[in-house]
Amino acid sequence: MEETGKENKEQMEQMEQKEKREQKEQQKEYEQYIKAVTPTHNLGLQMLKAFLTGGIICCIGQFILNYAGSLGLDKQTAGSWCSLILVLLSVILTGFNIYPKIVKWGGAGALVPITGFANSVAAPAIEYKAEGQVFGIGCKIFTIAGPVILYGIFSSWVLGLIYWIGKMLGFF
């Protein structure tokens, strides 16, 4: 009976060792998989692409401003038309699934300007339209842009409060 107990104990130890080896092998395989699928980034190239993308968007905006000015519009009206046209272009390109490709290539250069903000509002609206007007578009339209709006308003309020207090104390 003691021999059977020892054999069982040895078998259990062998099974535990086998399990540990299998877990180590799985861990190694998983690490190799992660290494294979994780993209490597070239910071310099990403910065160049972002610079070019943002620069092209800004050049398009400047062209619109100059053209609107040549039509006799004042700076404020020309700026409004420029913003409207850039937002419209961004939404149209998002609808045709072109703007996400621009964002993938240009990174922050396409996300930061007003066109990126328009894309962040239009993309969820397009994606969730199948769920209906209220529960689809209505609930999801600001999933990306909502935090930007919230923290933008909050930080401007905090900075305004700091400025007001500084003005009252004679710092500004």
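**Exercise 1. Which residues of helix 2 are buried?**

Solution. Since this is a predicted model, local features are reported only where pLDDT is at least 70, side-chain atom pairs count only at pLDDT 80 or more, and totals for chains, interfaces and linings use all residues. Residues are numbered from 1 along each chain as its sequence is written, and side-chain values use heavy atoms, with hydrogens and water left out.

Begin with the terms: a helix is a DSSP run of H or I with at least four residues, a strand is a run of E with at least two, and both are numbered from the N terminus. A residue is buried when its relative accessible area is under 20%, exposed when it is over 50%, and partly exposed in between, with a 1.4 Å probe and protein chains only. By this criterion, the buried residues of helix 2 are Ala50, Thr53, Gly54, Ile57, Gly61, Ile64 and Ala68.

Next, consider the cover over these positions, where contact means heavy atoms within 4.5 Å. The elements covering the buried residues of helix 2 include helix 3, helix 4, helix 5 (108-111) and helix 6 (114-127).

**Exercise 2. Compare the spans of helix 2 and helix 8 with their expected values.**

Solution. The expected span is 1.5 Å times one less than the number of residues in the helix. Helix 2, with 28 residues, reaches 40 Å from its first C-alpha to its last, close to the expected 40 Å. Helix 8 (residues 145-169) has 25 residues and should therefore span 36 Å, which agrees with the 36 Å between its end C-alpha atoms. Just after helix 8, Gly170 takes a positive phi of about 85 degrees.

**Exercise 3. Describe the backbone and setting of Asn97.**

Solution. Asn97 has a positive phi of about 60 degrees, although it is not a glycine. Most residues other than glycine have a negative phi. Asn97 is placed in the loop between helix 3 (75-95) and helix 4 (99-106), and its relative accessibility of 44% makes it partly exposed.

**Exercise 4. Place Leu48, Trp105 and Leu111, and give their distances or contacts.**

Solution. Take Leu48 to begin with: it lies in helix 2 (residues 43-70) and is partly exposed, with a relative accessible area of 45%. Leu48 and Gly109 are separated by 61 residues in sequence, while their C-alpha atoms are 9.3 Å apart in space.

Turn then to Trp105, which is found in helix 4 and counts as partly exposed at 46% relative accessibility. Leaving aside neighbours within four places in sequence, Trp105 is in contact with Lys49, Leu52 and Thr53; of these contacts, Thr53 is also listed among the buried residues of helix 2. The C-alpha atoms of Trp105 and Gly61, which are 44 residues apart along the chain, are separated by 20 Å.

Leu111 lies in helix 5 and is partly exposed, at 44% relative accessibility. Not counting residues up to four places away in sequence, Leu111 touches Val103, Gly116 and Phe117, and its C-alpha atom is 9.8 Å from that of Tyr99, 12 residues apart in sequence.

**Exercise 5. Summarise the overall form of the protein.**

Solution. The secondary structure comes to 8 helices and 0 strands. The radius of gyration, taken over C-alpha atoms, is compared with a globule rule of 2.2 Å times the number of residues to the power 0.38. The protein has 28 Å, whereas a compact globule of 172 residues would have a value near 16 Å. Along the principal axes, the C-alpha atoms fill a box of roughly 105 × 50 × 45 Å. Of the 172 residues, 18% count as buried. Among contacts with a separation of 6 or more, 49% come from residues 24 or more positions apart.
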